[in-house]
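Colleague: Please show me the model, and then let us go through it in questions and answers.

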Amino acid sequence: MEKKQILGWVLLVFITAVVSIAMFDEFTKDAEKAEIGEEIIQDDFNYKVNKFEIKNDNDRKDIVVSIEAKSNNDETVSNVFSNNFILKIDDKTFKPDDIKSRSIVNGKVNYLYTNQINPEQTVTCLLVFNVSAKQSESKKIDLLINDNVVVNLK
């Protein structure tokens with residue numbers, strides 16, 4: 001590759017990163033703030049982040065977030081939660097690892113990810129976010145719920 005092409009790619013990556021950071025910060029600027037253990041009341045569901053922990057996964061880490069959800073719907077809802085949660089570590093964003101989040105956890109099916117939720121039913125789910133060891137050591141880890149609530153995890 002020519003020097004100009006390499007410089008062009010570096011510049012493109014840099015601009016993309018800056019735009020992504022600005023969009024996420026703008027996206028969460030007006031978001032409601034919540035803490036672990038606090039009930040978050042939304043239209044269709046009430047949420048509560050119970051806890052989070054960091055587990056080893058070889059050279060990577062899994063950030064496991066326990067979330068309780070109560071349905072406020074009049075009808076059964078299926079598999080709608082995987083896109084409602086975004087993890088933010090410093091200037092990077094992560095979606096739940098679908099395979100790990102859909103697995104059986106401690107001998108139980110991870111209901112929020114794999115099952116239907118009936119009206120007024122409350123279920124607990126573990127969302128698994130795969131990150132680097134360095135990212136897991138960050139002092140600032142947030143969870144964005146439904147684009148409008150930020151829960152400070154660390």
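Modeller: One definition comes before the rest: helices (H or I, at least four residues) and strands (E, at least two) are DSSP runs, numbered from the N terminus. This is a predicted model, in which local features need pLDDT of at least 70, side-chain atom pairs count only at pLDDT 80 or more, and totals for chains, interfaces and linings use all residues. Residues are numbered from 1 along each chain as its sequence is written, and side-chain values use heavy atoms, with hydrogens and water left out.

Colleague: In which loop is the place of Asp90?

Modeller: Asp90 is not a glycine, yet its phi is positive, about 55 degrees. Its relative accessible area is 46%, so Asp90 is partly exposed (buried is under 20%, exposed over 50%, partly exposed in between, with a 1.4 Å probe and protein chains only). The loop that holds Asp90 is the one between β6 and β7 (92-94).

Colleague: Does Glu120 count as buried or exposed, and at what relative accessibility?

Modeller: Glu120 is found in the loop between β10 (116-117) and β11. Glu120 is a residue other than glycine with a positive phi, near 65 degrees. Its class is exposed, at a relative accessibility of 64%.

Colleague: Which strands are the edge strands of the open sheet of four strands?

Modeller: The order in this sheet is β2-β3-β4-β11, with antiparallel pairing (two strands pair if DSSP finds at least two bridges between them). An edge strand pairs on one side only, and here those are β2 (39-41) and β11.

Colleague: What is the bridge partner of Ser66 in β11?

Modeller: β4 and β11 pair in the antiparallel sense over 11 bridges. In β11, Ser66 is bridged to Leu126.

Colleague: Which element gives the largest share of the largest nonpolar core?

Modeller: A nonpolar core is a set of buried Ala, Val, Leu, Ile, Met, Phe, Trp, Tyr and Cys residues joined through side-chain atoms within 4.5 Å. The largest one has 26 residues, and Leu143 and Phe129 are among those with the most contacts inside it. Elements that give two or more residues include β3 (45-57), β4 (60-71) and β12 (141-145). The largest share, five residues, comes from β11.

Colleague: How many Å separate the C-alpha atoms of Ala34 and Leu144?

Modeller: Ala34 lies in strand β1 (residues 32-34) and counts as buried at 2% relative accessibility. Not counting residues up to four places away in sequence, Ala34 touches Ile40, Val149, Val150, Val151 and Asn152 (contact means heavy atoms within 4.5 Å). Ala34 and Leu144 are 110 residues apart along the chain, and their C-alpha atoms are separated by 9.9 Å.
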